[in-house]
Structures are given as C-alpha cells and as structure tokens.
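Hi everyone, and thanks for coming. I'd like to walk you through a structure that may be new to you, so please have a look at it with me.

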Amino acid sequence: MRASIAMAILVGAMVLSGTAWAAGPLIVNGAGTALAWGNSPIPINPDRGALGVLEVEEAVENVTASFAVWAAVSTAQVAFKNAGLLPTDVTRTTYLDYLGNCDDGLNPIIFDTDGAIVDELFGNDARNSILGFAGPECGSMVPPSITGGAALLNGRWIDGTATSKNPEISLVAFDSVMVHEFGHFLNLDHSQINLIEAFDENAGNDSAVATMFPFLVNDAEALSLHLDDRVAISMLYPRGSFGTSYGAIKGRVLRSSGSPFQGAFVVARKTDDPRVTAVGYSSGAQFNLDSDGGPPDDELEGQFEIAGLPPGAYTLEVEPVDPRFRSGSGVGPLDPPAELPGLPEYYSGASESSMNPPDDPEVAAIVPVAAGSSTGGVDIVLNRIVAPEHDSCENPRMLAALPFAERISTREATRVGSDPLQSCTFGG
C-alpha cells in the first residue's frame, strides 16, 4: 500500500502569462532531503478519453513525447514507460477515483476534455485560466521517496473554439505545458531564471528562460530545456557524468546580522555567456520544519547549492523572488515571497560584508568552477539598508508637495528609550 504525502499538485498549477498561467525540489523532508522516484522506468497511466481536439491515441503520443524531453537529459538518470491506459475515461464524476488514490498502483495522466474537473477543483471559470497541474502524490518522508504521482491536462484550451469565454492556445504551446507539468511530476519546483528576458516581450532572447518558469513565455522555446532545467533534474536524479564533468558552488545567504536568510533567489552566471549559461537556486529550499524526518540542520535555512555548472568563471547574484510568483506559480520555499529591498546584490569575494564600503553590492567577484569539484563557503551577506533620519525635530525633512508617500526597509531598525508608545503595539 502506498502512503499519501503532502499533495504537491496544486503547487504545480500552470496558468497562461497575461491571462493567469534551477528549479529546486518541490518537496523535501524534515532532514532537508528532496523526495525522488525510486523506480525506473517510472510507470505512467494515460487517460483513455479525448483531450480537446486530440483523440486518445494522439494525446497519449504527445504525453509520451513530453516525458521523453526529461528522459533525454544526458546527466540525469530518469526514464518512463506507458504502463497502460486508465480503466475508464475520467470525468468530473469519477476523477476522485484516481486523484489522491495511493492504493490503486496507478500514476494517472488525466485528460480533462472540457475543463469540468478543473472547475470542480478550483471553482467556476478556473478552466479558463488553469492549463494543467501535476506533482507527486504518494510516497514517504522517511525514507524520502515518491511512489506515485498524477497530472491533469485541461483540454478546453485546445478544443478548437476561441472566444473571450473559451480561450485557445496552439498545440505547440500545449505540448510545452505538458513538458512543464511533467517537471513537477518529477518533483521540480519553479525557477525564475532570467526575469528580464521573460518579461521584455522580445522573443529573440526567450531561449534564456527556463521551461520551469512559472509563466508560459514562448511556446516553442519551452519545448526544450534550459541549462537551469537540466541541472534541476540532474540534481534529483544524477548520472555519474553530472558530478565528474561539471562543478558546483555552495554557500549561504545571510542577513547583515549573520543569521540565515531563506527565500532569496541566487543565480550563478558564466562570465562569457551570462544570460544562457545561468543556473538559479532558492536559498533555504531544503529547510523544512513541517515534515517528518527532521529537524533540519540549521545551516540549511539560508543554504544554496548550484551544481551542473560548465567549468569556467562565474559571478553570483542574489535577487528577490518576484512578488507575482505566488500559490500555484510560487518559486522557492516561501509563499508569499520574502521582500529584499535594494537587490540584486552580487557576491563580492574578500570584500563581502554588510556595509558599503567595503562591499559595493554592484561589484561582482569571480568564482572559479572546475569539473568534478565544488567551491564551498561562498556566503553572500545582504547589505544593511541605512534608513535616513525621519524623526528629528532639530533637522526635519521638508516635503515638497502633498500627498506624500515613501517606502523604506525597517529590517535593521533598533529600539531606543525615547521611542513613543503606539496604540497598535505592546510597549515601545
């Protein structure tokens, strides 16, 4: 009997950019170990009904091809097999027989022909925003393993009808949705690698955007995997060449006080190809206090490990997770994302500290990466934000006009005896 684990399916929901559409692990146990499928090839069970305009044979063919994109990664050891169609054509009245069922030995790939199941799960009209979802369903935290998973694909988006109340995307775009969702099926989280290219509306540089980006940016480009995607799958299912042919950078993101910071996105960029040869990881992605198998090592709270880097010279930068990435489009371990004013900030090597000077946040040190080795101890200290005086009667700030608004960080605020009492707090 397979045991149920914390459902990751809703975390893996994909919505369409503009409408509603290194990657780390989606689920880790209390010790900080990512869950992974233990059996290979991983069996899948496609639905036996139609998927929009696709008859079942063509739909199954597209599903098989989309899983094959992940199986083709040379540094990862992952494979799939079609273990037979589901016993019935899954509908709104029967989907609970398959989703969340850890006793039937099936890994359902459900074809929601008209989006009725999506509406049943997420509410009326959700079928017009959610293209699909996927994730692990069954397994154990101790030992960390996945024994079952599921995916659902919303065929309403390819039903041949395009109206304001019945949106349509191309079959190429829908295939890219499958590739993305099957990444979640394998326990991959989203990645926000290369936000600039993702949102600049320039299709010519979309090859820099990961397939596991939360939004569908470019139909054709998302069919193939970015380096960030290949690294993510290889970290979960490594082949021998992953550790011997490539290098890694490991460290922590720290507050100016020295305490670990969870939920910052750290990006390693190769200096001679900084936009494409780039891999990201969320600090503290493996720190989980709420799962069995813990407690986790305190070092994991702000830790990042970026592996699979081609040998060469790299810079490291830390940036906040984009505030648009929440719930089903989340990136990293925190929802909502942590705020990091003043970023991005670069790793400054020997000058790394909480203050400028000596640590100019815009100056990047070079981190060398060699094949088969890991460069450790690369800690990034977030620069302290020094707020201006706002409460001095002797030297007041004059406001040029009203209304007036300003936003500052109080992350480094301290208490003094003269602090006034506030009605909304206890004490000064």
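Let me start with a question: is helix 3 largely enclosed by the rest of the structure, or left open? Twelve of the 15 residues in helix 3 are buried, so the rest of the structure largely encloses it. Before I go on, please keep in mind that this is a predicted model.

Let's stay with helix 3 for a moment. The helix runs over residues 171-185. Its buried residues are Ala 173, Phe 174, Ser 176, Val 177, Met 178, Val 179, His 180, Glu 181, Phe 182, Gly 183, His 184 and Phe 185. We can also check its length: at 1.5 Å a residue, 15 residues should span 21 Å, and the end C-alpha atoms are indeed 21 Å apart, which agrees.

Now look at Val 172, which sits in helix 3. Val 172 is partly exposed, because its relative accessible area is 39%, and the buried class stops at under 20%. Which residues does Val 172 touch, leaving aside its neighbours within four places in sequence? The contacts are Asp 219, Ala 220 and Leu 223. Take Leu 223: in sequence it is 51 residues from Val 172, yet the two C-alpha atoms are 8.0 Å apart in space.

Just after helix 3 comes Asn 187, with a positive phi of about 90 degrees. Asn 187 is not a glycine, and most residues other than glycine have a negative phi. You'll find Asn 187 in the loop between helix 3 and helix 4 (195-199). Asn 187 counts as buried because its relative accessibility is 0%.

Moving along, Glu 201 also has a positive phi, near 60 degrees, and is a residue other than glycine. Its place is the loop between helix 4 and helix 5. Is Glu 201 buried or exposed? With 82% relative accessibility, Glu 201 counts as exposed.

That loop brings us to helix 5, residues 227-236. Here eight of the ten residues are buried, so to speak of the helix as mostly covered is fair. The buried ones are Leu 227, Asp 228, Asp 229, Val 231, Ala 232, Ile 233, Ser 234 and Leu 236. And what covers them? The cover includes helix 1 (56-71), helix 6 (240-245), strand 9 (278-282) and strand 10 (303-309).

Let's step back to the whole chain. How many helices and strands does the chain have? There are six helices and 15 strands. Of the 428 residues, 51% count as buried. The accessible surface comes to about 19,200 Å², and 52% of that belongs to carbon and sulfur atoms.

Next, a strand residue. Leu 316 is in strand 11, which covers residues 312-320. Leu 316 counts as buried, because its relative accessibility is 0%. Beyond its neighbours within four places in sequence, Leu 316 is in contact with a list of residues including Ile 249, Val 266, Phe 304, Ile 306, Tyr 346, Val 378 and Ile 380. Gly 280 is 36 residues from Leu 316 in sequence, and their C-alpha atoms are 9.5 Å apart.

Tyr 346 turns up again beside Ser 348: the backbone oxygen of Tyr 346 lies 3.4 Å from a polar atom of the Ser 348 side chain. Ser 348 is in the loop between strand 12 and strand 13, and counts as buried at 10% relative accessibility. Not counting residues up to four places away in sequence, Ser 348 touches Asp 359, Asp 360, Val 363 and Ala 365.

Pro 358 lies in the loop between strand 12 (345-346) and strand 13 (367-369). A cis peptide bond joins Pro 357 and Pro 358, with omega about 10 degrees. Most peptide bonds are trans. Another cis bond joins Leu 402 and Pro 403, where omega is about 0 degrees. Pro 403 is in the segment after strand 15 (380-381).

Finally, let's stay in that segment. Which residues make a nonpolar surface patch of about 340 Å²? Leu 399, Leu 402 and Phe 404 make that patch. Leu 399 is also placed after strand 15, and counts as partly exposed at 44% relative accessibility.

That's the tour. Thanks for listening, and do take another look at the structure.

Methods. Residues numbered from 1 in each chain as written. Predicted model: local features only at pLDDT ≥ 70, side-chain atom pairs only at ≥ 80, totals over all residues. Heavy atoms only, no water. Buried < 20%, exposed > 50% of the residue type's maximum accessible area, 1.4 Å probe, protein only. Helix = DSSP H or I, 4+ residues; strand = E, 2+ residues; numbered from the N terminus. Contact = heavy atoms within 4.5 Å. Patch = residues over 30% accessible without salt bridge, like charges linked within 9 Å, V, L, I, M, F, W, Y side chains within 5 Å. Areas by Shrake-Rupley, 256 points an atom, 1.4 Å probe, with all protein chains shown as cover. Salt bridge = Lys/Arg side-chain N within 4 Å of Asp/Glu carboxyl O. Polar contact = N/O pair within 3.5 Å; in protein donor to acceptor, adjacent residues only side chain to side chain. Expected span 1.5 Å × (residues − 1).
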